[in-house]
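Here is a friendly walk through one chain, from its overall layout to a few individual residues. Have a look at the sequence and the model first, and then read on.

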Amino acid sequence: MNLRIALAVAAVAVVGIAAGVYVSYSQKSAGPFGRLAAPKPIPELRFVDDAGRARSLADFRGKVVLLNVWATWCEPCREEMPALDRLQAKLGGERFQVLALSVDQQGAPLARKFYSEVGIKALPLYVDPTAKAAFVLDAPGLPATLLIDRNGREIGRHLGAVKWDAPEVLDRLQRAMAAE
């Protein structure tokens, strides 16, 4: 009986490892997200900037936007923020914007403290103190990242942390900018 249980556990472990390797390989080879078959409209999303001014995704029309929904309590979010900062420093400008949107209900002071602790310099601070962004965007977890075209439509999505300044990711984003 103990041998059967041990074999069953071993079989489940092998299947789990194989699935993990497959998912890891497929995500690395395809980039952080696949392009959607057709651009998808995004629901109205409102938030505030570091000065407390009301903002929306419409404010960023004309740019390709990498919208990253995150929170200070989310460990994978915390891990990827420096890479998002480096991505904004490298590609941010008239054609591209990383929009890191904190859903911390404590608002800008908590997110600002995190930015200071980690050394975030290039990312502007945006906060959704209602924490509704993940629900509005139908994101089942954090971090959730949407690639948005110049017309404000979703063209890609990724759930989970990514090394956003990795060469293959930079290449994918530059190709998305060129295609728009």
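Residues 24 or more positions apart account for 74% of the contacts in the chain with a separation of 6 or more, where a contact means heavy atoms within 4.5 Å. This is a predicted model, in which local features need pLDDT of at least 70 and side-chain atom pairs count only at pLDDT 80 or more, while totals for chains, interfaces and linings use all residues. Residues are numbered from 1 along each chain as its sequence is written, and side-chain values use heavy atoms, with hydrogens and water left out.

The chain has 5 helices and 8 strands; these are DSSP runs numbered from the N terminus, with helices being H or I of at least four residues and strands being E of at least two. Along the sequence, their order reads α-β-β-β-β-α-β-α-β-α-β-β-α. Of the 180 residues in the chain, 43% are buried. Here buried means under 20% relative accessible area, exposed means over 50%, and partly exposed lies in between, using a 1.4 Å probe and protein chains only.

**Strand 4 and its neighbours**

How many of the residues of strand 4 are buried? The count is 7 of the 7 in residues 64-70, so strand 4 is largely enclosed by the rest of the structure. In a regular strand the side chains alternate between the two faces of the sheet. Val64, Leu66, Asn68 and Trp70 point one way from strand 4, while Val65, Leu67 and Val69 point the other way, and all are buried.

Strand 4 has partners in strand 5 and strand 7; two strands pair if DSSP finds at least two bridges between them. With strand 5 (residues 96-102) the pairing is parallel, over 7 bridges. The connection from strand 4 to strand 5 passes through helix 2 (residues 75-91), giving a right-handed β-α-β crossover. Right-handed means that, with the strands pointing away from the viewer, the path from the first strand over the helix to the second runs clockwise. Strand 4 and strand 7 run antiparallel and are joined by 5 bridges.

Val65 is a handy residue to follow here. Val65 stands opposite Gln97 in strand 5, and its bridge partner in strand 7 is Ile148.

Strand 7 (144-148) is also joined to strand 8 (residues 153-159) by 5 bridges, and these two strands run antiparallel. Ala144 stands opposite Leu159 in strand 8. The hairpin of strand 7 and strand 8 has 4 residues between the strands, and Gly152 takes a positive phi near 80° there.

**A cavity beside Val65**

The structure holds 1 cavity of 30 Å³ or more. On a 1 Å grid over the protein atoms alone, a cavity is a set of points where a 1.4 Å probe fits but cannot get out, and lining residues have an atom within 4 Å of a point. Grid points are joined across faces, edges and corners, and a volume is the space filled by probe spheres set on the points. The largest cavity contains about 40 Å³ of space. Val65 and Ile148 both belong to its lining, together with Leu57, Phe60, Arg61, Lys63, Asp149 and Gly152. By class, the lining has 4 nonpolar, 1 polar and 3 charged residues. In this scheme Ala, Val, Leu, Ile, Met, Phe, Trp, Tyr, Cys and Pro count as nonpolar, Asp, Glu, Lys and Arg as charged, and the others, Gly among them, as polar.

**Loop residues and contacts**

Two residues other than glycine with positive phi are set side by side below.

| Residue | Phi | Relative accessible area | Loop |
|---|---|---|---|
| Ala131 | near 60° | 15%, buried | between strand 6 (126-127) and helix 4 |
| Asp138 | about 60° | 60%, exposed | between helix 4 and strand 7 |

The loop between helix 4 (133-136) and strand 7 also holds Pro143. The peptide bond from Leu142 to Pro143 is cis, with omega near -5°.

Where is Ser102, and is it buried or exposed? Ser102 is in strand 5 and is buried, at 0% relative accessibility. Leaving aside residues up to four places away in sequence, Ser102 touches Trp70, Ala111, Tyr126, Val127 and Asp128.

Arg78, in helix 2, is partly exposed at 28% relative accessible area. With the same sequence neighbours left out, Arg78 touches Ala71, Thr72, Phe114 and Glu117. Arg78 and Phe114 are 36 residues apart in sequence and 8.6 Å apart in space, C-alpha to C-alpha.

Notes. 1 Å grid on protein atoms, 1.4 Å probe; cavity = no way out; pocket = protein on both sides within 12 Å on 5 of 7 lines; lining within 4 Å.
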